[in-house]
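Student: I've got a model open and I'd like to talk it through. Can you pull it up?

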Amino acid sequence: MMNDLSEQDLLSYRGEWMVFWRDKVLVDDNGALPQGAWSQLTSLHHYAAQVQSLPPLEQTDTPPPALPVLDIGAEHVDIQGWQWVSLRQILTGATAFHYKEYSRAWQYVHFLRTHRYCGQCGGHTETISWEMAVQCRQCRHRAYPRVSPCIIVAIYRDDEILLARGVRHKDPQMYSTLAGFVESGETLEQALHREVFEEVGIRIKNEEYFESQAWPFPHSLMVGYIAEYAGGEINIDEREIVDAHWFNIQDLPKIPPTMSVAGRLINAVVARHRS
Ligand SMILES: [Zn+2]
C-alpha cells in the first residue's frame, strides 16, 4: 500500500530517506543516506517534488518503518554538506535487505517519472493509495511499474565456464555471464536457449534454475540459470558481444561482484566443480 506521508509522520520519523535527483542518490560526506526527522532535513524539504513511503517488502513480526522516497526530479540541485552518488554505489555493499528496498525505491521513482500521462488517452495520471500503480483521471486506465524479465546463465563444460564481454560493459577487463531479455510470448527456457544461440552460437542442455534478482537499471528481473554445454563453436553476435571465451575455473578473468546474480552464478559453478 502506498501512502503520502502526513506532516506528523515526517516529524516523528527517525529512519533513512532515499532522495533521488536524476538517477543519483543523496548521501552525506560519509556516504550515508539522510536519516532522522523531517525537521532535521529542512534544507531538503523545499526541493521535494514527490514524497512517498514504501512499506517494507518483507513482513516480519517487527517490520521496519516504511522508507520515505523523495524525488527532486531533473533540476540541478547542489546542497551543501551533501553529495549525489550513483545507485550502483549505494547498492554495492548494501545488505540483502537494503538492496531490495533501495532497488524498489528507484524503480518506483522511475515509474512515476515515466507515467505522468495516460498511455491510452494522454490524460493526467494520479497515484492510487492501495497498490503501487497510477490511474488516469479521465479514462481510469491503470498502469503498474514495468518489470522486464531477463534470463542470465552460467554455461559450463567440464572445468570451464563460458564468459563474455558485452558491448555495453564499461570495464574492458570484466567478463560476465550471458544475459538477455525475454520476448513477448516466450517462456524463460525458450528465451534462455534463443539468447545463448543468438549471442554466442552454441547449444545448451540440462538448464537448472538458480535464483532471481531485481536489477534496478532500470527495471529488470534477472532470472538466473546454470546450464551445460551441448554443442557448437563460439560464434559471437558482434552487435551484443565484444568477446567470449571458455575460461578454466582455476584461471578466471575479472568477474562481476557478488552483489549481482552474475557474480553469484559464476561462484556457484566454481564451488560445484571444486566440491
Ligand atoms: Zn486515460
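Tutor: Sure, let's go through the metal site, a small sheet and one serine, keeping in mind that this is a predicted model.

Student: Which residues coordinate the zinc ion?

Tutor: Look for the sulfurs around the metal: the SG atoms sit at 2.3 to 2.4 Å from the zinc ion. Along the chain, the donors follow the spacing C-x2-C-x14-C-x2-C. The residues are C118, C121, C136 and C139.

Student: What arrangement do the four donor atoms make?

Tutor: Go by the angles. Four donors count as tetrahedral if all angles lie between 85 and 135 degrees. Here the angles run from 99 to 116°, so the arrangement is tetrahedral.

Student: Is C139 buried or partly exposed?

Tutor: Buried means under 20% relative accessible area, and exposed means over 50%. C136 has 0%, so C136 is buried. C139 has 30%, so C139 is partly exposed.

Student: Which strands are at the edges of the open sheet?

Tutor: The sheet has three strands in the order β7-β8-β9, with antiparallel pairing. An edge strand pairs on one side only, and that picks out β7 (125-127) and β9 (142-143).

Student: In β8, which residue is the bridge partner of T127?

Tutor: β7 pairs with β8 (residues 134-136) in the antiparallel sense, over three bridges. For T127, the partner in β8 is V134.

Student: Is S176 buried or exposed?

Tutor: S176 is in the loop between β11 (160-166) and β12 (178-181). Beyond its neighbours within four places in sequence, its contacts include L162, H169, P256 and I266. Its relative accessible area is 7%, so S176 is buried.

Conventions:
Residues numbered from 1 in each chain as written. Predicted model: local features only at pLDDT ≥ 70, side-chain atom pairs only at ≥ 80, totals over all residues. Heavy atoms only, no water. Donors = N, O, S within 2.8 Å, 3.2 Å for Na, K, Ca; no water. Tetrahedral: all angles 85-135°; square planar, octahedral: opposite > 155°, others 65-115°. Buried < 20%, exposed > 50% of the residue type's maximum accessible area, 1.4 Å probe, protein only. Helix = DSSP H or I, 4+ residues; strand = E, 2+ residues; numbered from the N terminus. Contact = heavy atoms within 4.5 Å. Pairing = 2+ DSSP bridges.
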